[in-house]
Amino acid sequence: MDINHSTGENVITSTKGYMWFLCLNIIFCAWLFLRSTHNKDVESLPPALQLLCGCIVILALINLIITLKIKNNINDGVYHYALPFVVFAFGLLWSVLLLNVTIYYQDTMITLIMTVSVLLPATITFYISGRLLLLFSAPLALCLLYVEFFLQDKFSLAQFIGAVIMLLVIYSSRYILLEWYQRVQRSEYEKNILIKKLVQQAHYDALTGLFNRLSMARFFEECVSALSGNKKKLFMIVLDIDYFKQYNDRYGHVAGDKCLIKVSQCIEQSLRKETDSAFRFGGEEFVVMTVCNDISQAKSISHRIQHNIAHAHIPHEGSAISSVLTVSQGIAQWSEGVTLEGLVEQADKQLYQAKQNGRNRVCY
């Protein structure tokens, strides 16, 4: 479907549907002209009808070319605002044409048949926008009523009722099409929401909102590929909250979850968006992968994390080293041929060393 803003209020028609409508305008006019030129039993169209057919064809061709150029942007830009005037122009031209056909052939049934033939494609094309459908159909409806009242020798109530019923049926069909459209859009919207939720669950940690271990593996592979022939280096920082078991024992697991969320926020605030990513590795352990020029940049990120967590002033009376929450960090540098598991193991060794040295520090 060629509707860009499928859930927005600016949608007025689909591109393919509108192009189909324009082509039908050309085909109907061509049929009228060919019917009179290649059928000996039918008189040729008078100049006035030929001129009206030509105007409709030219207007349709111009708009067809414009639509082809803007492709799927019919609901955006200047043409979006010009479309109501274009549709009304088509409605006026067809109403004048049908009125002249009725006068020329002296047959109101031709008018009725042609009105249905023109209104039906318009209803299919413009059912999304009642305004466009009204702009097109109003001149035709007035033309039909004028024919029924003023161009017949004798007023026929049955024929008039038939014409009114025909107009009501065509216009009410818009609501059936609109209901179908809304159901499709609602289904599409719900499907997109579900996809987003599944992507969120697959790649993000449910508690902290950081990337999960699955995303870490993908990020590692992307970084390794990008670093091929590059002077920059990949570093892994493994963080562990000091005495987190004691934190949970003292404050409870609900407070522990809030603590993990706060720590993850402090980590994210410390990173560079272009080159760094944070992951929840499990429990109270986090991982940061960063592409840097050298170890000093990686250490700078670690110290920022340490600083931001310290300034968050998260109380931790169960800690043996501080009255507020602290973290220990280990940094490892990736080298050619080292797997993700190998890099994690190296960073874990540095983390263990940081804990052995008294915690609340960075080891490399």
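Strand 3 (residues 285-292) is mostly covered: eight of its eight residues are buried. Both of its faces are covered. On one side sit E285, V287, M289 and V291, and on the other F286, V288, T290 and C292. This is a predicted model, and strand 3 is a good place to enter it.

Start with the neighbours of strand 3. Strand 1 and strand 3 pair in the antiparallel sense, over eight bridges. One register point is D240, which stands opposite E285 in strand 3. E285 is also among the buried residues of that strand. Strand 2 and strand 3 run antiparallel too, and six bridges join them. There D276 stands opposite T290. T290 is one of the buried residues on the F286 side of strand 3.

What links strand 2 and strand 3 in sequence? They form a hairpin, with two residues between them. G283 lies in the turn and has a positive phi of about 60°.

Now step across strand 1 to strand 4. Strand 1 covers residues 233-241, and seven bridges join it to strand 4. The two run antiparallel. I241 stands opposite V327 in strand 4. Strand 4 itself spans residues 327-333. Is strand 4 enclosed or open to its surroundings? Six of its seven residues are buried, so it is largely enclosed by the rest of the structure. A residue counts as buried when its relative accessible area is under 20%.

Strand 5 comes next. It holds residues 362-363, and two bridges join it to strand 4. Here the strands run parallel. The partners can be named. Q329 has V362 in strand 5 as its bridge partner, and G330 stands opposite C363.

Put these pairings together. Five strands form an open sheet in the order 2-3-1-4-5, and the pairing is mixed. The edge strands are strand 2 (276-282) and strand 5, each pairing on one side only. In general, strands of a sheet pair through backbone hydrogen bonds, either parallel or antiparallel.

The loops leading into the sheet deserve a look. K231 lies in the loop between helix 7 (213-226) and strand 1. Is K231 buried or exposed? K231 is exposed, because its relative accessible area is 78% and the exposed class begins over 50%. K231 and D294 are 63 residues apart in sequence, yet their C-alpha atoms are 9.5 Å apart in space.

A second loop runs between helix 11 (340-356) and strand 5, and R359 has its place there. N360 lies in that loop as well. Their backbone angles stand out. Most residues other than glycine have a negative phi. R359, however, has a positive phi near 65°. N360 is not a glycine either, and its phi is positive at about 50°. How covered are these two residues? R359 is partly exposed, with a relative accessible area of 21%. N360 also counts as partly exposed, at 32% relative accessibility.

Away from the sheet, turn to the surface. W20, L120 and I124 form a nonpolar patch there. Together they have about 270 Å² of accessible area. W20 lies in helix 1 (residues 15-37). At 39% relative accessibility, W20 counts as partly exposed. The patch therefore admits W20 on accessibility, since the cut-off for patch residues is over 30%.

Step back to the whole chain. Its secondary structure comes to eleven helices and five strands. Of its 364 residues, 42% count as buried. The accessible surface comes to about 19600 Å², and 60% of that belongs to carbon and sulfur atoms. Among contacts with a separation of 6 or more, 72% are between residues 24 or more positions apart.

How far can the coordinates be trusted? The chain averages a pLDDT of 84, and 90% of the residues score at least 70. Confidence is highest in strand 4, at 95. It is lowest in helix 6 (residues 157-203), at a mean of 77. Over residues 1-9 the pLDDT is below 50. That stretch has 22 contacts in the model beyond near neighbours in sequence. Where pLDDT is low, the predicted coordinates should not be read in detail.

Definitions and conventions: Residues numbered from 1 in each chain as written. Predicted model: local features only at pLDDT ≥ 70, side-chain atom pairs only at ≥ 80, totals over all residues. Heavy atoms only, no water. Patch = residues over 30% accessible without salt bridge, like charges linked within 9 Å, V, L, I, M, F, W, Y side chains within 5 Å. Areas by Shrake-Rupley, 256 points an atom, 1.4 Å probe, with all protein chains shown as cover. Salt bridge = Lys/Arg side-chain N within 4 Å of Asp/Glu carboxyl O. Helix = DSSP H or I, 4+ residues; strand = E, 2+ residues; numbered from the N terminus. Buried < 20%, exposed > 50% of the residue type's maximum accessible area, 1.4 Å probe, protein only. pLDDT = per-residue confidence, 0-100. Contact = heavy atoms within 4.5 Å. Pairing = 2+ DSSP bridges.
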